[in-house]
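Here is a structure you may be meeting for the first time. Take a look at it, and then let's walk through it together.

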Amino acid sequence: MAINIELLGPQKGEEEAFAVEDLVFSTQLALQKAMNRKGVSNKEIAEKLGMSPARVSQVFRKGGSNLTLKTIARVAHALGEEFEFVRKQDVRNTISDEKT
């Protein structure tokens, strides 16, 4: 049985890279979920942003180009969505407080 090393988290010395990839992935996922809710395709968002469909594909590809806050904000605005940068610990605390 093979072990998926990615499921075990970062190895010693890889913490920063792991944290970066985690934030990039969760941001990509949040934007994709918003697009799915709105029924917007990559091609449609590319047209709204004046980007090429290839550039939009880069935004959502694993290991793709680095997302800037400006790009994230432009995609969110084009979708009519608002996002907020929140620490995971704050979210966990809110969920924990709601359960009690």
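Let's start with a pair of charged side chains: Asp22 forms a salt bridge with Lys88, and their closest N and O atoms are 2.5 Å apart. Asp22 sits in helix H1 and Lys88 in helix H5, so the pair ties together parts that are 66 residues apart in sequence. A salt bridge here is a side-chain nitrogen of Lys or Arg within 4 Å of a carboxyl oxygen of Asp or Glu. Helices (H or I, at least four residues) and strands (E, at least two) are DSSP runs, numbered from the N terminus.

Before going further, a word on what you're looking at: this is a predicted model, where local features need pLDDT of at least 70, side-chain atom pairs count only at pLDDT 80 or more, and totals for chains, interfaces and linings use all residues. Residues are numbered from 1 along each chain as its sequence is written, and side-chain values use heavy atoms, with hydrogens and water left out.

**The overall picture**

The protein chain has five helices and zero strands, so to read it along the sequence is to read α-α-α-α-α. Of its 100 residues, 23% count as buried. Buried means under 20% relative accessible area, exposed means over 50%, and partly exposed is in between (1.4 Å probe, protein chains only). The chain exposes about 7,900 Å², and carbon and sulfur atoms supply 55% of that; accessible areas come from the Shrake-Rupley method with a 1.4 Å probe, and for residues only the protein chains shown count as cover. Contact means heavy atoms within 4.5 Å. Among contacts between residues at least 6 apart in sequence, 58% join residues at least 24 apart.

**More salt bridges**

How many salt bridges does a search of the whole structure find? It finds four. Side chains of opposite charge can pair when their charged atoms come close. Three of these pairs are set out below.

| Pair | Closest N to O distance |
|---|---|
| Asp22 and Lys88 | 2.5 Å |
| Glu81 and Arg37 | 3.0 Å |
| Arg87 and Asp90 | 2.8 Å |

Both partners in the opening pair are partly exposed: Asp22 has a relative accessible area of 32%, and Lys88 has 42%. Glu81 and Arg37 form a salt bridge too, and this pair links distant parts of the chain, with Glu81 in the loop between H4 and H5 and Arg37 in helix H1, 44 residues apart. Is Glu81 buried or exposed? Glu81 is buried, at 18% relative accessible area, whereas Arg37 is exposed at 55%. Arg37 and Glu81 also belong to a network of salt bridges that includes Lys38. As for the Arg87 and Asp90 pair, Arg87 is exposed at 52% and Asp90 is partly exposed at 33%.

**Inside the fold**

In soluble globular proteins, nonpolar side chains tend to be buried together. A nonpolar core is a set of buried Ala, Val, Leu, Ile, Met, Phe, Trp, Tyr and Cys residues joined through side-chain atoms within 4.5 Å. The largest one here has 16 residues, and Ile45, Leu49, Val56, Phe60, Val75 and Leu79 touch the most other members. The elements giving two or more residues to this core are helix H1 (15-38), helix H2 (42-49), helix H3 (53-60) and helix H4 (69-79). Which helix gives the largest share of this core? That's H4, with four residues.

Leaving aside neighbours within four places in sequence, Val56 is in contact with Asn42, Ile45, Ala46 and Met51. Met51 turns up again beside Thr71, which touches Met51, Arg55 and Val59, not counting residues up to four places away. Thr71 lies in H4 and is buried, with a relative accessible area of 9%.

**A helix with two faces**

In H2, Ile45, Ala46 and Leu49 are buried. They cover an arc of only 105 degrees around the axis (taken from the directions from the helix axis to the C-beta atoms), which puts them on the same side of H2. These buried residues pack against H1, H3 and H4. The face turned away from the buried side carries the exposed residues Lys43, Glu47 and Lys48. After H2 comes Gly50, whose phi is positive, near 70 degrees.
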